[in-house]
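Biologist: Could you walk me through this structure slowly, since I am new to reading side chains?

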Amino acid sequence: QEQFVYSGGGLVQPGGSLRLSCVASGFTFNNYLFSWVRQAPGKGLEWVSTMNWRSTTQTYTDSVNGRFTISRDNAKSTLYLQMSGLKPEDTAVYYCARGSRVDVSIREPYWGQGTQVTVSS
């Protein structure tokens, strides 16, 4: 029953911004770390960011650090990823996942379809 519903993806020009949202169900949302993971065309999964349940720990992969901001609203069981200064290499399908970096190396069915981000001029 665990699943995510995504929104916010789309086509954006380089340097633009997007805010991704992921609404979780089937979780005790407040008790878990959640991460954003992405998969670019023809490439494997790449961990992007993780936030803990109290929003006191935020970590990012080096390639997005300073451009992306992870946040969460526990009352709404929602995870967000604010992306700015987008680059073509950010083009990927973005997924939510429960857990930290070490927990998201293998795609799980409950991640769902993700949301497509395309950065192109």
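Modeller: What follows is a short talk about the charged side chains, the aromatic rings and one serine. This is a predicted model, in which local features need pLDDT of at least 70 and side-chain atom pairs count only at pLDDT 80 or more, while totals for chains, interfaces and linings use all residues. Residues are numbered from 1 along each chain as its sequence is written, and side-chain values use heavy atoms, with hydrogens and water left out.

Biologist: OK, how many salt bridges are found in the whole structure?

Modeller: The search gives three salt bridges, where the term stands for a side-chain nitrogen of Lys or Arg within 4 Å of a carboxyl oxygen of Asp or Glu. In one of them Glu46 pairs with Arg38, and the closest N and O atoms are 2.8 Å apart.

Biologist: And is Arg38 buried or exposed?

Modeller: Arg38 is buried, with a relative accessible area of 4%, whereas Glu46 is partly exposed at 29%. Here buried means under 20% relative accessible area, exposed means over 50%, and partly exposed is in between, with a 1.4 Å probe and protein chains only.

Biologist: What else does Arg38 meet in a salt bridge?

Modeller: Arg38 also meets Asp90, at 3.0 Å from N to O. That pair links distant parts of the chain, 52 residues apart, with Asp90 in the loop between strand S8 (78-83) and strand S9 (92-98) and Arg38 in strand S4. Strands are DSSP runs of E with at least two residues, helices are runs of H or I with at least four, and both are numbered from the N terminus.

Biologist: Which arginine makes the salt bridge of 2.7 Å with Asp90?

Modeller: That is Arg67, whose side chain meets the side chain of Asp90 at 2.7 Å, N to O. Arg67 lies in the loop between strand S6 (58-60) and S7, and Asp90 in the loop between S8 and S9, so the pair ties together parts that are 23 residues apart in sequence. Asp90 counts as buried at 0% relative accessibility, and Arg67 counts as buried at 14%. Through shared partners, the salt bridges join Arg38, Glu46, Arg67 and Asp90 into one network.

Biologist: Switching to Arg72, where is it found?

Modeller: Arg72 is found in strand S7 (residues 68-73). Arg72 is buried yet has no salt bridge, and the nearest side chain of opposite charge, Asp73, is 8.4 Å away. For charges, Lys and Arg count as positive and Asp and Glu as negative, while His and the chain ends are not counted.

Biologist: Which backbone oxygens does the Arg72 side chain reach, then?

Modeller: The side chain of Arg72 reaches the backbone oxygen of Asn52 at 3.0 Å, and one of its polar atoms lies 3.3 Å from the backbone oxygen of Met51. In addition, the charged end of Arg72 sits over the ring of Phe29, 4.5 Å from its centre. A charge sits over a ring if NZ of Lys or CZ of Arg is within 6 Å of the ring centre and within 35 degrees of the ring normal.

Biologist: What about the rings, how many aromatic pairs are there?

Modeller: The count comes to ten aromatic pairs, where rings of Phe, Tyr and Trp (its six-membered ring) pair if their centres lie within 6.5 Å, and planes under 30 degrees apart count as stacked, over 60 as edge-to-face and the rest as tilted. The rings of Phe4 and Tyr6 have centres 6.3 Å apart and planes at 55°, so this pair is tilted. The rings of Phe4 and Phe27 have centres 5.3 Å apart and planes at 20°, so this pair is stacked. Both Phe4 and Phe27 are buried. One aromatic cluster is formed by Phe4, Tyr6, Phe27, Phe29, Tyr32, Phe34, Trp36 and Tyr110.

Biologist: Last one, what does Ser84 contact, leaving aside its neighbours within four places in sequence?

Modeller: With those neighbours left aside, Ser84 is in contact (heavy atoms within 4.5 Å) with Gly16, Ser17, Arg67 and Phe68. A polar atom of the Ser84 side chain lies 3.0 Å from the backbone oxygen of Arg67. Ser84 is found in the loop between S8 and S9, and Ser84 is partly exposed, with a relative accessible area of 28%.

Note on methods
Polar contact = N/O pair within 3.5 Å; in protein donor to acceptor, adjacent residues only side chain to side chain.
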